[in-house]
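Visitor: I have a structure open and would like to learn how to read it. Where should we begin?

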Amino acid sequence: MSHFLLRWQFTAASARMMTEKPHDRAAMGKTLVEGFGGKLHSYFFALGDFDGVAICEFPDHVAATACSMTLASSGGFSRVETIPLLTPQEAEAAMKKARDTKTAYRAPNA
């Protein structure tokens, strides 16, 4: 399973509803992620550009994208982003592949 960072901004209407009727959003996030065959590792509310973040695992990019599309189409969010994450081992494998793979690529300024 691959890891992903999900982050979101609530709409004003969603924020208003949560202050009027506080409830556990992490439980709803877990239900959503598991519905796409994933696992929710952590769920946080955040301050700054995004109102919340979650670390999840999904069986593949298709499942992660479907989950993200479900969030985005719900009307409860003004912004949803899904960012693939690599484990240290996956990053090391990518570094080795970059080192070992020879291509004819040339930078635009070369």
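Guide: Begin with one side chain. This is a predicted model. In it, C56 is buried, with a relative accessible area of 0%.

Visitor: What about C67: buried or exposed?

Guide: C67 is buried too, and its relative accessible area is 0%.

Visitor: How do I read a cysteine for disulfides?

Guide: Start with the general idea. A disulfide is a covalent bond between the sulfur atoms of two cysteines. So look at the distance from sulfur to sulfur, with a cut-off of 2.5 Å.

Visitor: How many disulfides does the structure hold?

Guide: The count is 0.

Visitor: Why is C56 without a bond?

Guide: The closest cysteine sulfur to that of C56 belongs to C67, and it is 6.5 Å away. A disulfide needs the two sulfur atoms within 2.5 Å. The gap is therefore too far for a bond. From the other end, C67 is in no disulfide either, with the sulfur of C56 as its nearest.

Visitor: Now the sheet. What is the strand order?

Guide: Read across the sheet, not along the chain. The order is β2-β3-β1-β4, in an open sheet of 4 strands with antiparallel pairing. Its edge strands are β2, residues 39-45, and β4, residues 77-85. Each of these pairs on one side only. On average, neighbouring strands are turned by 15° against each other, direction ignored.

Visitor: How many bridges join β1 to β4?

Guide: There are 8, and the two strands run antiparallel. One place to look is Q9, which stands opposite R79 in β4.

Visitor: And how many join β1 to β3?

Guide: Here 7 bridges join the two antiparallel strands. Trace them by residue. L5 stands opposite I55 in β3. R7 has V53 as its bridge partner in β3.

Visitor: What joins β2 to β3?

Guide: That pair is antiparallel and has 6 bridges, with β3 spanning residues 52-58. S42 stands opposite I55. Since L5 also stands opposite I55, you can follow the register through that residue. Further along, F45 stands opposite G52.

Visitor: Which residue takes a positive phi in the hairpin of β2 and β3?

Guide: Check the backbone of the link. The hairpin has 6 residues between the strands, and G48 takes a positive phi near 120°.

Visitor: Is β3 mostly covered or mostly open?

Guide: Mostly covered: 5 of its 7 residues are buried.

Visitor: Which strands does α3 lie across?

Guide: Helix α3, residues 61-73, lies across β1 (2-10), β3 and β4. For direction, compare axes. The helix runs at about 165° to β4.

Visitor: Last topic: pockets. How do I find empty space?

Guide: The idea is simple. Rolling a probe the size of a water molecule over the atoms shows where empty space is left. In this model, the largest pocket has a volume of about 380 Å³.

Visitor: Which residues lie nearest its centre?

Guide: They are R25, M28, G29, L71 and F77, out of 21 lining residues.

Visitor: Which element gives the largest share of that lining?

Guide: Helix α2 does, with 6 residues. Its span is 25-35. Now read the lining by element. At least two residues each come from β1, α1 (12-20), α2, β2 and α3.

Definitions and conventions
Residues numbered from 1 in each chain as written. Predicted model: local features only at pLDDT ≥ 70, side-chain atom pairs only at ≥ 80, totals over all residues. Heavy atoms only, no water. Pairing = 2+ DSSP bridges. Axes fitted to C-alpha atoms, helices over the stretch in contact; angles between N-to-C directions. Contact = heavy atoms within 4.5 Å. Buried < 20%, exposed > 50% of the residue type's maximum accessible area, 1.4 Å probe, protein only. 1 Å grid on protein atoms, 1.4 Å probe; cavity = no way out; pocket = protein on both sides within 12 Å on 5 of 7 lines; lining within 4 Å. Points joined across faces, edges and corners; volume = space filled by probe spheres on them.
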